[in-house]
Amino acid sequence: MDRVLRVVVIDDSAYVRKVVREILSRSPFIEVVGTARDGREALDLVERLEPDVVTCDLIMPELDGVGFVREQMQRKPVPIIIMSVAKETAEATLTALDAGAIDFVQKPTALATEKIFEVSNELIDKVKAAGTIALNRIPISSARQTETSQPVTKIPGSHSVDLVVIGISTGGPQALKRLIPQLPADFPAPVAMVMHMPVGYTEMYAAKLNELSPLDVKEAAEGDEIKPGRVFLAAAGRHLSLRREANGSVVTHLDARPFSMLHRPSVTVLFQSAAEVYGNRVLGVVMTGMGSDGKQGAAWIKSQGGLVFTEAESSCVVYGMPSAVVEAGLSDKSIPLENMARAIREVV
């Protein structure tokens, strides 16, 4: 970091505001410059203080978190991180992401207790990442997600692809709502995806994406058959891998192992499995996200002769995962989000 990030904390609990301030103050690169107890108060505070990042609770009096995100994005976009509780606020969290929030942190409890400290490292990392985001890359509103897919011509001599695997993290919920609906109902290859999300969100997100898409989108379950027309999203808390059955079909497998991975599900686990099962007929796509998950998996795909695409920095909310693949020399092509569906269809 080359500067100190100025942060505003919004939560109706005075205790949570105090704890979040204490957590963020542990980083020398973060300064909490103000706190607010509801969205209405926060709108005035953000206008006055012009922070670099905002953390925001969802359930608040006067103006809730979703209302704040919508109003703030209309006034002046700012990176907002939602702090939510699974199950109780899962749908509202996804709505806030559609409205322009860039990421969320799952509170370990709805109660005002010291358990909030359990998310300290995650919150600090996400605030620091949010502070690097260019304001013109903040995804606002899901109204633009259904860009019309255009006819494509297969590139002469292009690769034959039997499976598309996608790895994505920060900015993923918004990006996939733009990408997947552009794949037509007759898309000839199945798609498997890993997106870093806490338990309690992936099933609902897959259902919402399914409503927008010509393809059948679902959260992966044990033993689902991989075949054209289907898009599988890895279930939170379990690695998604593929295995070939005795009859030649390929099915999904969910497992907590390997335990050594930083993320569960891991992009690398899916990519490695895909390369082992499909050989050189795999296209791996690494999109917006923090960190480097997927870099080793991209190396597995390349070692088998497969293709790897990365999302261009110009459209990434966070250019972390794609950058790691590019810097390792593993990317065949770097493509902006608005052109990604076309590029995928051309090689499939």
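In what follows, Ala, Val, Leu, Ile, Met, Phe, Trp, Tyr, Cys and Pro count as nonpolar, Asp, Glu, Lys and Arg as charged, and the others, Gly among them, as polar. Keep in mind that the model is predicted.

**Exercise 1. Confidence**

Find the average pLDDT and a stretch where the pLDDT is below 50.

*Solution.* Start with the whole protein: the average pLDDT is 90, and 92% of the residues score at least 70. Next, look for the weak spot: residues 142–146 have a pLDDT below 50. In the model, this stretch has 8 contacts beyond near neighbours in sequence. How should we treat them? Where pLDDT is low, the predicted coordinates should not be read in detail.

**Exercise 2. The second largest pocket**

Describe the lining of the second largest pocket by position, element and class.

*Solution.* Step one is the volume, about 300 Å³. Step two is the lining, made of 19 residues; P51, K76, P77, V78 and L135 lie nearest the centre of the pocket. Step three is the secondary structure: α2 (39–49) and α3 (65–75) each give two or more residues, and α2 gives the most, with 3. Finally, sort the lining by class, and you get 10 nonpolar, 3 polar and 6 charged residues.

**Exercise 3. The largest pocket**

Now do the same for the largest pocket.

*Solution.* Its volume is about 860 Å³. The lining has 33 residues, and those nearest the centre are E122, K126, H196, L262 and H263. The elements contributing two or more residues are β5 (103–106), α5 and α9. By class, the lining holds 12 nonpolar, 14 polar and 7 charged residues.

**Exercise 4. A closed space**

Which residues line the second largest cavity, and which helix gives the most to the lining?

*Solution.* A search of the whole structure returns 2 cavities of 30 Å³ or more. The second largest holds about 30 Å³ of space. Lining it are I102, D103, K126, A129, A130, I133, T170, M290 and V318. Helix α5 (residues 120–130) gives the most, with 3 residues. Sorting by class yields 6 nonpolar, 1 polar and 2 charged. Notice K126 as you go: this residue is in the cavity lining and is also among those nearest the centre of the largest pocket.

**Exercise 5. The sheet and its helices**

Work out the strand order of the open sheet of 7 strands, then place helices α8 and α9 on the sheet.

*Solution.* The order is β8-β9-β7-β6-β12-β13-β14, with parallel pairing. At the edges sit β8 (216–219) and β14 (333–335), each pairing on one side only. From one strand to the next, the twist averages 20°. Zoom in on β6 (residues 163–168) and β12 (residues 282–286): 5 bridges join these parallel strands, and V164 stands opposite L283. Now add the helices. Helix α8 (residues 267–278) touches β6, β7 (191–195) and β12, with its direction at about 165° to that of β6. Helix α9 (residues 295–303) touches β6, β12 and β13 (307–311), and its direction makes about 145° with that of β13.

**Exercise 6. Backbone exceptions**

Locate two cis peptide bonds and two positive phi values.

*Solution.* Recall the usual case: most residues other than glycine have a negative phi, and most peptide bonds are trans. R257 and P258 are joined by a cis bond with omega about 0°, while the cis bond from R264 to P265 has omega near 10°. P258 is in the loop between β11 (250–255) and α8, as is P265. For phi, E50 is near 50°, in the loop between α2 and β3 (53–57). E62 is near 65°, in the loop between β3 and α3.

Methods: Residues are numbered from 1 along each chain as its sequence is written. This is a predicted model: local features need pLDDT of at least 70, side-chain atom pairs count only at pLDDT 80 or more; totals for chains, interfaces and linings use all residues. Side-chain values use heavy atoms; hydrogens and water are left out. Two strands pair if DSSP finds at least two bridges between them. Helices (H or I, at least four residues) and strands (E, at least two) are DSSP runs, numbered from the N terminus. Axes are lines fitted to C-alpha atoms, for helices over the stretch in contact, and angles run from 0 to 180 degrees between N-to-C directions. Contact means heavy atoms within 4.5 Å. On a 1 Å grid over the protein atoms alone, a cavity is a set of points where a 1.4 Å probe fits but cannot get out, and a pocket is an open set with protein on both sides within 12 Å along at least five of seven lines; lining residues have an atom within 4 Å of a point. Grid points are joined across faces, edges and corners, and a volume is the space filled by probe spheres set on the points. pLDDT is the predictor's confidence in each residue, from 0 to 100.
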